[in-house]
Amino acid sequence: MPTVAPLDLEGHFVATHFLGEVPLFASAAGTIHRLDGGEKVTDAHEGLLTCIRDPYSATLLTGGEDGKVLRIAHDGSVTQLAEAPRKWINVVAGGPQGAVAYAHGRTSFVRLSDGTTREFPEERTVEGVAFAPKGLRIAVARYNGVTLHWVGTNGAPVDLDWKGAHTGVTFSPDGRFLVTTMQENALHGWKLDGKPGDARHMRMTGYPAKVKSLSWSVKGKWLASSGAPAAIVWPFSAKDGPMGKAPLELGTRANIMVTQVAFHPAEEVLAIGFVDGMILGVRIADGKEALLRRPGKGAITGLSWSATGKLLAFASEAGDCGVIDISA
């Protein structure tokens with residue numbers, strides 16, 4: 001049986017991530033709590049809106065109501081990357097060569113490692129930003145679609161249009177697909193590996209609620225999503241991705257919604273967090289389930305695996321956080 005080390009904190013927690021084997025928990029109030037030989041606390045923001053793990057370095061990237069973009073290391077040290085007074089920063093992304101993207105209003109920004117910043121204006125408010133896995137390129141989610149920008153050149157942007165409000169964006173690990181979350185209860189996707197302007201559409205609908213959590217499997221064969229009383233897992237291994245294919249439904253629970261999904265870093269095993277605080281582990285191959293945590297206080301708002309895949313950290317909207325050792 002997995003063992004759970006609980007961490008009962010005050011307030012709403014936005015996310016949790018591992019840096020190495022050290023779990024960090026980010027609160028909406030702006031504090032970062034890390035379990036590193038005891039609980040240690042870093043004051044980062046006056047109101048934290050987003051916290052992600054930079055996929056290119058062992059650091060966190062955060063944005064806040066104070067207009068700051070910060071990089072936080074595993075020892076809790078803080079580096080300020082940008083500041084936009086009186087703006088809320090709720091969109092950040094980490095890219096190659098130390099690049100960081102963030103946005104406020106109708107503009108996305110990419111700060112390069114030498115400190116120079118490039119601006120990319122949009123006609124509508126920026127809702128999400130992601131770096132492509134190859135090359136210094138960003139996707140910007142906005143109303144009625146996505147814009148693709150090359151950061152290092154003055155080439156014309158590519159518009160991927162689809163009516164509606166696109167609230168988040170992610171590239172598949174191989175860069176062949178781009179998927180957005182939408183204000184309506186749906187995902188939308190584009191197949192990118194044709195000629196520019198030939199991107200094919202993929203509609204992924206039927207969710208009873210908005211999708212707020214996405215996770216790609218280690219080799220990008222599967223995309224897991226929240227927004228239903230099961231994890232909805234779309235197949236992306238075929239040439240046309242999920243077009244014409246039904247998704248898997250894993251960890252089904254009657255009327256109890258999935259709020260977070262996180263794929264294991266090495267195996268096709270999915271951690272699923274629910275609105276009642278329960279966490280399941282499910283194997284893709286056969287749908288076998290393991291109860292990792294019984295229901296607790298508050299919806300699960302963050303799930304993160306350690307690099308070895310032996311530890312799973314969780315955060316909740318009620319401060320009911322902890323670490324599960326699945327090797328126990």
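User: I'd like to learn to read strand pairing here. In which sense do β7 and strand β8 (residues 68-73) pair, and over how many bridges?

Analyst: Happy to help, and keep in mind that this is a predicted model. β7 and β8 pair in the antiparallel sense, over five bridges. To see one position, look at Leu61, whose bridge partner in β8 is Arg71. The hairpin of β7 and β8 has three residues between the strands, and Gly67 takes a positive phi near 75° there.

User: What joins β7 to strand β6 (residues 48-53)?

Analyst: Five bridges join β6 to β7, and these strands run antiparallel. Thr50 stands opposite Gly63 in β7. A hairpin through five residues makes the connection from β6 to β7.

User: Why is β7 described as largely enclosed by the rest of the structure?

Analyst: Start with the general idea: side chains in a regular strand alternate between the two faces of the sheet. Now the case at hand. Strand β7 (residues 59-64) has six of its six residues buried, so the rest of the structure largely encloses it. Both faces are covered: Thr59, Leu61 and Gly63 are buried on one side, and Leu60, Thr62 and Gly64 on the other.

User: Let's move along the chain. In what order do the four strands of the open sheet stand?

Analyst: The order is β20-β21-β22-β23, with antiparallel pairing. β20 and β23 are at the edges with a single partner strand each, so one side of each has no neighbour in the sheet. On average, neighbouring strands of this sheet are turned by 25° against each other, direction ignored. For a closer look, three bridges join β20 to strand β21 (residues 222-225), and Leu214 stands opposite Ser225 in β21.

User: Now the rings. How many aromatic pairs are there?

Analyst: The general idea is that a pair of aromatic rings is described by the distance of the centres and the angle of the planes. The count comes to three aromatic pairs. In one of them, the rings of Tyr102 and Phe109 have centres 5.1 Å apart and planes at 15°, so this pair is stacked. Tyr102 is buried, at a relative accessible area of 8%, and Phe109 is buried too, at 9%.

User: And which arrangement do the rings of Trp216 and Phe236 take, stacked or edge-to-face?

Analyst: Their centres lie 4.9 Å apart and their planes stand at 75°, so the pair is edge-to-face. Trp216 belongs to strand β20 (residues 214-216), while Phe236 is in the loop between β22 (231-235) and β23 (248-250), so the pair ties together parts 20 residues apart in sequence. Trp216 counts as buried at 15% relative accessibility, and Phe236 does at 2%. Ring pairs link Phe177, Trp216 and Phe236 into a cluster.

User: Where does Arg253 lie relative to a ring?

Analyst: Arg253 lies over the face of Phe274, 4.6 Å from the ring centre.

User: Finally, which residues of the largest nonpolar core touch the most other members?

Analyst: That core has 15 residues, and Ala231, Val233, Leu250, Phe263, Leu270 and Ile272 touch the most other members. At least two of its residues come from each of β21, β22, β24 (258-263), β25 (269-274) and β26 (279-283). As a worked case, Leu270 has contacts that include Ala224, Val261, Leu280 and Val282, leaving aside residues up to four places away in sequence. Another core, of 14 residues, lies apart from this one, and among its members are Ala93, Ala99, Ala101 and Val151.

Notes
Residues are numbered from 1 along each chain as its sequence is written. This is a predicted model: local features need pLDDT of at least 70, side-chain atom pairs count only at pLDDT 80 or more; totals for chains, interfaces and linings use all residues. Side-chain values use heavy atoms; hydrogens and water are left out. Rings of Phe, Tyr and Trp (its six-membered ring) pair if their centres lie within 6.5 Å; planes under 30 degrees apart count as stacked, over 60 as edge-to-face and the rest as tilted. Buried means under 20% relative accessible area, exposed over 50%, partly exposed in between (1.4 Å probe, protein chains only). A charge sits over a ring if NZ of Lys or CZ of Arg is within 6 Å of the ring centre and within 35 degrees of the ring normal. Two strands pair if DSSP finds at least two bridges between them. Axes are lines fitted to C-alpha atoms, for helices over the stretch in contact, and angles run from 0 to 180 degrees between N-to-C directions. A nonpolar core is a set of buried Ala, Val, Leu, Ile, Met, Phe, Trp, Tyr and Cys residues joined through side-chain atoms within 4.5 Å. Contact means heavy atoms within 4.5 Å.
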